[in-house]
Amino acid sequence: MTVGVKFESVTKILGQSRAVDDLTLAIGAGELFFLLGPSGCGKTTALRTVAGFYTPDEGRILFNGQDQSRVPPHKRNTGMVFQNYALWPHMDVQNNVAYGLKMRRVSRAEKDKRVRHALEIVHMHGYAERMPNQLSGGQQQRVALARALVIEPDVVLLDEPLSNLDAKLRIEMRTQIKEIHRKIGRTMIYVTHDQAEALSMADRIAVMRRGRLVQVGTPQELYTLPESAFVAQFIGGTNLLCGTLEEAGDLLTVKTSAGIVRAKNGVRGIAPGEPVFCSVRPESLRLKLAAESSGVSPSDRTNELHAEVQSIMYLGDNEQYSLRLADNVTMHAVEYNSTTRKAQVGDQVALQFDAQAVVVLPQEELGD
C-alpha cells in the first residue's frame, strides 16, 4: 500500500529553538520527495517526527489521513536509512538486513525470501555473508537501504544517506536510488543539503529555512521560478542585482546601479518604488567584448550591462567568469563547451541576457 504523509501545522521545540516551526506540507503517495535546506534548517527534525523519534509539540503527522503523532516508531511501519549506515559490526550482511524481520517474528522461510529479494533490489545478493568491515562505503549504504526495504515499509526515510561517499560514488548511488524507487513504488522522504542531489532525483522538493517551509515545487519550478531570493541563491546559485522596481506589467522594469534591467517574471504583489532583487542565472549571461557590442543598436539589446573581467576559472566542460560591474557589483557567468576563450582578465565586456531569464524578487536578508 502506498501512503501519503501530511504535516499539519507541526512545530517541534528543541531547547530554546523552534527546530520545526508551523510546518504544513502534503507528500503524495509514492513520491520521491526531498526536504532540502542548509544545516540547522529543521529538515532532519521534520524527518524524525515522521519516524516517531520526535513527538510534535504542536500539530499532527498523518499517514493517509490517520493521525500518527502519538504512535510509537515501531508501529508506524517506516524504514529509516541513516547517514552513518548504523550496521551491526558483529553481524554479516544477511543478518543485518534480517534484523527488523527477526524483531517482527517473521518465519524463517519468509525471512530468507524477503532478505534475498531486498539484497537483489540493491544489487548486493552476492555479498550476503560478508561482514560490514569488508564492504566499501557505497556497499554499506546499499545494505542499509536493503535493511530499510526488507520490512516492506509504507514510507522509506533517508537522512543524508550519501553524504559520506565520494563524489563519483554519490552520482552512481543517485541513479540506483531512483531506480529502486521506481521498482518498489513506495513513498520516500529524503533529507539533504545537496542541491544537485535534490534537483537530479526528486519528484518534488520542499525548501526549508530556519525551521519554516519556504517553497515547494518540482526541481524545474524551483530553479526557473523561485519565489524568494533565498531559494534562487540556494538552488543552483544565481546573480542577485539590487534595484528598485520602476514599472510593473507584462514587462517589469528595474533600475539598478549597473543599468536598467527588464524582466518577464516576478513575484506577485511587488509595487513600483519597492526595493527588489533581479535574479539571473550564470548560464543565462552571454559575454561579448565591448568592441563587438558597440555596433548593435539599443533596440536590439534585450538587457545589456557592462563589466570588467576579474577572473576566469577553467573547469573542462565550462569556463566560469567573475565580472565587476558599476559600484563594484559582482556577477558570475558560465560558458559551456567553448572552444575559444571569449575574453581575458581585464577585458571590458557586455553582458547580454533575455528578459525571460530574469526573475524579480522582493529584497530580503540572505544567509542561513
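1. The accessible surface of the chain comes to about 17500 Å², and carbon and sulfur atoms hold 47% of that area. The model is predicted, and the remarks below should be read with that in mind.

2. On overall dimensions, the C-alpha atoms fill a box of roughly 80 × 45 × 35 Å along the principal axes. The chain has 368 residues, and 47% of them are buried. Of the contacts with a separation of 6 or more, 68% are between residues 24 or more positions apart.

3. On charge, there are 42 positive and 42 negative side chains in the chain. The centres of these two sets lie 8 Å apart.

4. The secondary structure consists of nine helices and 21 strands. Six of the strands form an open sheet with mixed pairing, in the order β13-β12-β11-β15-β21-β14. The edges are taken by β13 (259-263) and β14 (265-266); each has a single partner strand, so one side of each is left without a neighbour in the sheet.

5. Within this sheet, β12 (residues 252-256) and β13 run antiparallel and are joined by five bridges. In this pair, V254 stands opposite V261 of β13. As background, the strands of a sheet pair through backbone hydrogen bonds, in either a parallel or an antiparallel manner.

6. Is Q68 buried or exposed? Q68 counts as buried because its relative accessibility is 12%, against a cut-off of under 20%. Q68 lies in the loop between β5 (66-67) and β6 (78-81). Leaving out residues up to four places away in sequence, Q68 touches I61, F63 and R76. For a longer span, T175 is 107 residues from Q68 along the chain, and the C-alpha atoms of the two are separated by 32 Å.

7. E152 is also a loop residue, placed between α4 (137-149) and β7 (155-159). With a relative accessible area of 40%, E152 is partly exposed, since that class covers values between 20% and 50%. Which residues does E152 contact, leaving aside its neighbours within four places in sequence? They are N77, R114 and R186. The C-alpha atoms of E152 and Q352 are separated by 53 Å, with their positions 200 residues apart along the chain.

8. To set the two loop positions side by side: Q68 is buried, whereas E152 is partly exposed. An arginine appears in the contacts of Q68, namely R76, and the contacts of E152 include R114 and R186.

Conventions
Residues are numbered from 1 along each chain as its sequence is written. This is a predicted model: local features need pLDDT of at least 70, side-chain atom pairs count only at pLDDT 80 or more; totals for chains, interfaces and linings use all residues. Side-chain values use heavy atoms; hydrogens and water are left out. Helices (H or I, at least four residues) and strands (E, at least two) are DSSP runs, numbered from the N terminus. Buried means under 20% relative accessible area, exposed over 50%, partly exposed in between (1.4 Å probe, protein chains only). Contact means heavy atoms within 4.5 Å. Accessible areas come from the Shrake-Rupley method with a 1.4 Å probe; for residues, only the protein chains shown count as cover. Lys and Arg count as positive and Asp and Glu as negative; His and the chain ends are not counted. The place of a charge is taken as NZ of Lys, CZ of Arg, CG of Asp or CD of Glu. Two strands pair if DSSP finds at least two bridges between them.
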